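Got the viewer open? Load the model, pick a colouring you like, and follow along stop by stop.

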Amino acid sequence: MKFETLSIHAGQRPDPTTGAVMTPVYQTSTYVQESVGKHRGYEYSRTGNPTRAALEACLAALESTSYGLAFSSGMAATDTVLRLLSPGDHVLAGNDVYGGTFRLFERVLRPYGLDFSYVDTSDLDQVTAALRPETRMLWLETPTNPLLNVSDISAVAEILHPKRADGSGRSSAEPYLVVDNTFATPYLQRPLELGADIVVHSTTKYLGGHSDVVGGAVLARDAGVYEKLEFLQNAVGAVPGPMDCFLILRGLKTLPLRMDRHAANALAIADFLAGHSKVASLRYPFHSSHPQFDLARRQMHSGGGMLAFVMLGGKPAAQRVAESTRLFALAESLGGVESLIEVPAAMTHAFTAGSPLAVNPGLIRLSVGLEHVDDLLEDLEMALRVI
Ligand SMILES: Cc1ncc(COP(=O)(O)O)c(C=O)c1O
């Protein structure tokens, strides 16, 4: 089935008891057993819940696998994936990952004995040079938050898993290739098809799509990796509630439609900002000025709804513009139907200050929503006139 059909139907069927078309919210913590140990597949809702199972199956289908797990947030999903590793293991990560991911790595997991280093993952020579015998995971975010850098997933997979092209699986000695696919969504790119082992999402963003739920997901390519992650999901317990799963399932049904409009609006805004006298530089994967423009066009279905730009006037200009829009709401997060504006150095990425991952204080990030593009352009034009 095609993506649009899967996004509406995968993992779901009319409720067998009532015929309800929408998957019910199974708001229950436990399930009655016919006799000791004899049940209908559900014992306790941390372990499994039918609403969550529908979401997990739908997400898996969209990412071209059979193995999906839902979590209570993107960070919970990330944390659970890192628990595949042991003290002494090394993780190589992009030098432009989401600030919360960097904080988890440095402040929570490093004290537990994991080692992390950061490179520009769009530069394959840097990736190769930074691998160590004890490297057990490569954490790739593409496009990155907030700079929209694009890395070549197939080429990185080829470095980590050189034998896979001839049909062999990942050997247990090889590092896991994990891709945070939050910005792109599976509608724009499917990392497991390109050789990744694990995909992580903050479903809070485009997958939920309406800024009304926090969630995360992990998709695995192989049954063996999935079994380890499924064990961790239950053992650690960072699971989402059924109502949150329902909201994300509902969001998924319109994902392709929303992403097309997000991308069309964002491209028009990129064109406007690229020619603006107060803008120093622009980052949008499908704009010809982007350093990985050709790769982005090869790897992604569209440029998505996120873009970033640096103000010529630096930090004060960026803050003034972000406080002057009327339609673009000054807020963290992204991926909802409404447009948002923020200054990453002072907001979402404040934790990276003083680190090698520090963000230019004059950078503005936009999450371009589904409003009419003329209204969005007018709003930005007005805000840029203020400075
Ligand atoms: C790329 C990326 N990954 C992970 C996360 C964390 O997700 P959550 O906020 O759902 O925990 C975010 C949140 O902004 C993100 O942008």
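Begin with the charged side chains: a search over the whole structure turns up 10 salt bridges, a salt bridge being a side-chain nitrogen of Lys or Arg within 4 Å of a carboxyl oxygen of Asp or Glu. Before you click further, know that this is a predicted model, in which local features need pLDDT of at least 70, side-chain atom pairs count only at pLDDT 80 or more, and totals for chains, interfaces and linings use all residues. Residues are numbered from 1 along each chain as its sequence is written, and side-chain values use heavy atoms, with hydrogens and water left out.

**Stop 1: salt bridges**

Select Arg-83 and Asp-79, whose side chains meet in a salt bridge at 2.9 Å, N to O. Which of the categories buried, partly exposed and exposed does Asp-79 fall into? Asp-79 counts as buried because its relative accessibility is 13%, while Arg-83, at 43%, counts as partly exposed. The cut-offs are these: buried means under 20% relative accessible area, exposed means over 50%, and partly exposed is in between (1.4 Å probe, protein chains only).

Next, pick Glu-193 and Arg-190, another salt bridge, at 3.1 Å from N to O. Arg-190 is partly exposed, with a relative accessible area of 26%.

Now show Glu-134 and Arg-132, where the salt bridge spans 4.0 Å, N to O. Glu-134 is partly exposed at 33% relative accessibility, and Arg-132 is partly exposed at 31%. Keep that pair on screen and add Glu-106, Arg-110 and Asp-115: salt bridges that share partners join these residues with Arg-132 and Glu-134 into one network.

**Stop 2: Ser-117**

Stay with Arg-132 for a moment and select Ser-117, which touches it. Ser-117 sits in strand S3 (residues 115-119); helices (H or I, at least four residues) and strands (E, at least two) are DSSP runs, numbered from the N terminus. What else does Ser-117 touch, not counting residues up to four places away in sequence? Besides Arg-132, you'll find His-90, Val-91, Leu-92 and Ala-93, where a contact means heavy atoms within 4.5 Å. Ser-117 is buried, with a relative accessible area of 17%. For a distance check, draw a line from its C-alpha to that of Tyr-226: the two residues are 109 apart along the chain, and their C-alpha atoms are separated by 26 Å.

**Stop 3: helix H9**

Select residues 242-252, which make up helix H9. Eight of its 11 residues are buried, so H9 is largely enclosed by the rest of the structure. The buried ones are Pro-242, Cys-245, Phe-246, Leu-247, Ile-248, Leu-249, Gly-251 and Leu-252. What covers them? The cover includes helix H1 (3-9), helix H2 (50-62) and helix H10 (255-274), so try giving each of those its own colour.

**Stop 4: two cis prolines**

Move to the loop between strand S4 (135-141) and H6, where Pro-143 is placed. The peptide bond from Thr-142 to Pro-143 is cis, with omega near -10°. Pro-146 is also found in the loop between S4 and H6, and the bond leading from Asn-145 to Pro-146 is cis too, with omega near 15°.

**Stop 5: a few serines**

Ser-172 comes next, in the loop between helix H6 (153-160) and strand S5 (176-180). Buried or exposed? At 62% relative accessibility, Ser-172 counts as exposed. Measure across to Ala-217 if you like: 45 residues apart in sequence, the two are 23 Å apart in space, C-alpha to C-alpha.

Now check the backbone at Ser-64, in the loop between H2 and strand S1 (67-71). Its phi is near 60°, a positive value in a residue other than glycine, and Ser-64 is partly exposed at 37% relative accessible area. Ser-333 also has a positive phi, near 75°. Look for Ser-333 in the loop between strand S10 (329-330) and strand S11 (340-342); its relative accessible area is 27%, which makes it partly exposed.

**Last stop: zoom out**

Show the whole protein, with its 13 helices and 12 strands. Its C-alpha atoms fill a box of roughly 70 × 55 × 40 Å along the principal axes. Of the 387 residues, 56% count as buried. Among contacts between residues at least 6 apart in sequence, 71% join residues at least 24 apart.
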